[in-house]
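This report describes one protein chain for a reader who has not seen it before. Please look over the sequence and the model first.

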Amino acid sequence: MNNNRPTPLRLGILGCANIARQFARDVAPSRLVHIAAVASRDAAKAAAFATEFGIARTHSSYEVLLADDEVDAVYIPLPNSLHAQWAVRAAQHGRHVLCEKPLAMNLAEARTMFDAARQHGVMLLEAYPWWFQPQTAALLGLLQGGAIGTVRLVQATFGFTLRDPAGTNIRSLPEFGGGALLDAGSYPMSLIRLVIGRAPQRVQASARLASTGVDIGTTATLHFADGVVAQLSCAMDMALHRDATIVGSDGVISTEFLNHTSEPGTVHPWGYMPSQLRVRRGSGNGPFEALTSPTGSGFRFAAEAFAAVVTAKDFAAIERAAQASMDIAATLDAIAASARTGAIVEVHASHD
């Protein structure tokens, strides 16, 4: 018997939406995270969810789950408009929070969430699954090792086809924080922030609007203090694509930065796909080198990384991630403002 096995982080899930189901399915085999409870305003739905994924405890309200002493932390997969409210309440109950992207509707909400977490001594982490992929560690290794020299340009894009854009999907509804920028654009924005390591000074953007008033597609150019430029695009009316190109003074990196990855040449039961990471070293037209990394569910990687920092009480790591989340929120605010007016907008990032 292994007496050194870490005690699993006991996690509660707020809600039974499709993304919660995928998360529960992927995290279930983990020895580092134990899904201890699930809550739904529909008690029957919570019971069915718990039966499907072998969860012992169910609650008929989020508030009751937060008061459950058998729960150490919560995962928030709720609509964007509910993230801040329930992250703050979780912190007030002393529960750590792993929150789906985008963390908040805007910078003000994000600041409120981190303030509450600090006040109550808990950890709050924004859950971009791709951030926690082994491939992302390989990408950072290339950048930090100088594989492409000094980064000069980042281009990142993500788009998909929303099957019901007329308003039946919450991604179409402004009151739920819908729209391409928050839903899809937060992904390329998270890559840009990861690669460059800071917020831009100013942005200029344009958007196409759906009949419901949300943006169906947004493009933006981001200007940084030292002359680095990033270009972001996102859409909910295009074929599925997710790609980034990072151009340096002495090389190029190309990646798909997928949330969930599978081995090349295999058919994954849940539709996960191989994710490309290639590097071309030097300033000429040399060959691209393909890099391989361990694969798996970004949900599980994220949950286990969260459990590790909670167990280690690594607040320094959480603060670094918090700075990135604040920069992302500030930049998304500026992009949205620029898209409304067409004007160049300054980015008001701030770190507490």
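## Contacts and overall form

Of the contacts in the chain between residues at least 6 apart in sequence, 68% join residues at least 24 apart. The model is a predicted one.

The chain holds nine helices and 15 strands. For its 352 residues, a compact globule would have a radius of gyration near 20 Å, and the chain agrees because its own value is 20 Å. Along the principal axes, the C-alpha atoms fill a box of roughly 60 × 50 × 40 Å.

## Surface and charge

Buried residues make up 51% of the 352 in the chain. The accessible surface is about 15,300 Å², and 52% of that area belongs to carbon and sulfur atoms.

The chain carries 28 positive and 30 negative charges. The mean positions of these two sets are 3 Å apart.

## Nonpolar cores

In soluble globular proteins, nonpolar side chains tend to be buried together. In this chain, the largest nonpolar core has 84 residues. The members that touch the most other members are Ile 76, Met 113, Val 154, Ile 192, Leu 222, Ile 246 and Ile 253.

Val 154 can serve as an example. Leaving aside residues up to four places away in sequence, Val 154 touches Leu 191, Ile 192, Val 195, Ile 196, Val 229, Ala 230, Gln 231, Thr 245 and Ile 246. A second core, separate from the largest one, has 30 residues, including Cys 16, Ala 50, Leu 98 and Ala 317.

## A cis peptide bond

Lys 101 and Pro 102 are joined by a cis peptide bond, with omega near -15°. Pro 102 is placed in the loop between strand E5 (96-100) and helix H5 (107-119).

## Positive phi values

Phe 257 is a residue other than glycine with a positive phi, near 35°. The loop that holds Phe 257 runs between strand E12 (251-255) and strand E13 (277-281). Is Phe 257 buried or exposed? Phe 257 has a relative accessibility of 1%, so it counts as buried, the cut-off being under 20%.

Lys 313, also a residue other than glycine, has a positive phi near 55°. Lys 313 lies in the loop between helix H8 (298-312) and helix H9 (315-341). With a relative accessible area of 62%, Lys 313 is exposed, since exposed means over 50%.

Notes
Residues are numbered from 1 along each chain as its sequence is written. This is a predicted model: local features need pLDDT of at least 70, side-chain atom pairs count only at pLDDT 80 or more; totals for chains, interfaces and linings use all residues. Side-chain values use heavy atoms; hydrogens and water are left out. Helices (H or I, at least four residues) and strands (E, at least two) are DSSP runs, numbered from the N terminus. The radius of gyration is taken over C-alpha atoms; the globule rule is 2.2 Å times the number of residues to the power 0.38. Buried means under 20% relative accessible area, exposed over 50%, partly exposed in between (1.4 Å probe, protein chains only). Contact means heavy atoms within 4.5 Å. Accessible areas come from the Shrake-Rupley method with a 1.4 Å probe; for residues, only the protein chains shown count as cover. Lys and Arg count as positive and Asp and Glu as negative; His and the chain ends are not counted. The place of a charge is taken as NZ of Lys, CZ of Arg, CG of Asp or CD of Glu. A nonpolar core is a set of buried Ala, Val, Leu, Ile, Met, Phe, Trp, Tyr and Cys residues joined through side-chain atoms within 4.5 Å.
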